[in-house]
Amino acid sequence: MFRGMMLRRMTLRRMHRFALIFFICTGSLCAQDLAGIVVHGFVSQGFLFSSANNYLSMKSSDGSPQWTDGAVSISDSLTDNLRVGIQLHMYQLGEFGGSSVQVDWASGDYRVNDHFGIRAGKVKTVWGLFNDSQDIDAVFLWILLPQGSYSIDHKSFYLSHIGGDIYGGIPLGKRAGTLHYLAYAGQATIDLNDGYIKTFAQLGLAFSNSLGGKTYGADLQWETPLRGLILGSSGNWLAADGTAPAGSFHSPAYLVPSMYGKFNRGKLYLAGEYDRIPINAMITVGTTVIPFVEDARSWFVMGSYRLRKNFQLGSYYSHYVDKGYDTTQPANYSKDWVLTGRYDFNDYFCSKIEGHFLRGTALGYYNDTNPNGLAPNSNMLAAKIGFTF
């Protein structure tokens with residue numbers, strides 16, 4: 001009982017911190033000329049309960065409310081072609097995150113015309129269906145996106161980069177649709193609150209400074225003549241290096257390809273994606289060299305239907321295997337059947353509930369929160385309530 005009271009108090013304190021930041025940010029803006037300024041934000045509280053294993057560094061097998069998330073974004077059109085903006089983010093996900101405010105993105109975007117534009121700063125990385133929008137909880141039916149492709153505990157490395165993009169659209173004619181292109185280059189960073197840092201620490205390498213490396217890539221989307229159907233492909237090259245008191249980490253550049261498609265018309269939404277993450281890195285601890293190798297293949301299919309304006313149901317299946325190891329072992333695969341429901345009370349408040357039927361333990365589990373080992377299968381209930389403005 002005492003533990004439960006303490007968890008509730010900690011959750012309330014986090015919610016109060018988020019609310020205070022939002023009121024300060026929006027309050028200061030209201031005291032100024034708001035012409036052209038757009039302010040959006042959200043705050044949400046999540047809960048996880050699993051039948052076995054502790055997930056995402058939470059004590060989820062006991063039921064855990066250690067998931068609080070919030071962000072504020074501010075943007076302004078300085079001219080008809082130039083727009084600037086920033087998003088501030090704070091979250092607590094089990095042992096990840098904390099009280100510090102992070103900058104998710106801060107950039108300027110100059111759009112010459114429909115065919116060419118450029119943006120620079122800390123820019124969100126466009127890759128696959130959801131990478132550049134995975135930090136906007138309100139736009140999704142899902143509580144957790146397919147973790148084989150969009151691991152929430154590794155989000156910092158993939159969400160954004162410091163650099164620049166060029167983008168635009170090329171009309172192909174009424175019978176051929178439109179081709180949307182984007183190319184980027186810059187620097188990506190693994191923050192100290194990322195799940196990779198926790199994994200390195202369990203291997204004996206504790207980092208006190210962020211890791212990082214060059215990133216570059218491209219995305220092509222074909223908006224087909226069939227209304228609502230989009231097909232696309234992305235390629236993201238990433239490298240990372242870092243030095244810790246006990247050793248170092250080195251990952252040469254590797255390509256993360258993605259192929260995806262979605263169909264959205266009326267009340268129906270369908271989507272699917274295939275990704276590959278081939279990593280061949282080295283961890284050095286003292287004089288010991290530990291290979292950090294992965295040949296991950298992941299895919300998912302999903303669908304949803306809006307039964308009413310404020311009520312939506314959906315499901316997805318996510319499949320992940322690491323081909324670099326024995327894929328018959330639970331530690332090298334993750335298969336997740338998911339059922340989700342979302343209810344919007346009004347334009348500002350929503351609630352979500354989601355069931356996960358997990359097979360395999362390749363994703364989301366950490367040794368120090370599962371000291372007695374892992375069961376090969378687990379069922380999990382996730383719930384979330386959120387406020388968006």
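**Close-up views of two pockets and two cores**

**View 1. The second largest pocket of the predicted model.** The lining of the second largest pocket divides into 13 nonpolar, 11 polar and 11 charged residues. This pocket holds about 840 Å³ of space. Its lining comprises 35 residues, of which D109, R119, K124, V126 and D132 are the closest to the centre. Two or more lining residues come from each of β1 (37–50), β2 (64–77), β3 (82–93), β5 (102–113), β6 (116–124), β7 (160–171), β8 and β9 (211–223).

**View 2. The largest pocket.** The volume of the largest pocket is about 1000 Å³. Among its 39 lining residues, T199, F292, E294, Y320 and A362 are the closest to the centre. Two or more residues of the lining are given by each of α2, α3, β10, β13 and β14. The most come from β13, with 5 residues. The lining is made up of 21 nonpolar, 14 polar and 4 charged residues.

**View 3. The largest nonpolar core.** In soluble globular proteins, nonpolar side chains tend to be buried together. This core has 39 residues, and F130, F157, F200 and F249 touch the most other members. At least two core residues are supplied by each of α2 (155–159), β8 (178–190), α3 (195–202), β10 (229–244), β11 (247–265), β12 (268–285), β13 (288–308) and β14 (311–322). The element that gives the most is β12, with 6 residues.

**View 4. The surroundings of F157, and another core.** Beyond its neighbours within four places in sequence, F157 is in contact with A188, T189, I190, D194, Y196, L238, A239, A240 and Y254. Apart from the largest core lies another core, of 16 residues, including L48, W67, L144 and I152.

Methods. Residues numbered from 1 in each chain as written. Predicted model: local features only at pLDDT ≥ 70, side-chain atom pairs only at ≥ 80, totals over all residues. Heavy atoms only, no water. Core = buried A, V, L, I, M, F, W, Y, C linked by side-chain atoms within 4.5 Å. Buried < 20%, exposed > 50% of the residue type's maximum accessible area, 1.4 Å probe, protein only. Helix = DSSP H or I, 4+ residues; strand = E, 2+ residues; numbered from the N terminus. Contact = heavy atoms within 4.5 Å. 1 Å grid on protein atoms, 1.4 Å probe; cavity = no way out; pocket = protein on both sides within 12 Å on 5 of 7 lines; lining within 4 Å. Points joined across faces, edges and corners; volume = space filled by probe spheres on them. Nonpolar A, V, L, I, M, F, W, Y, C, P; charged D, E, K, R; others polar.
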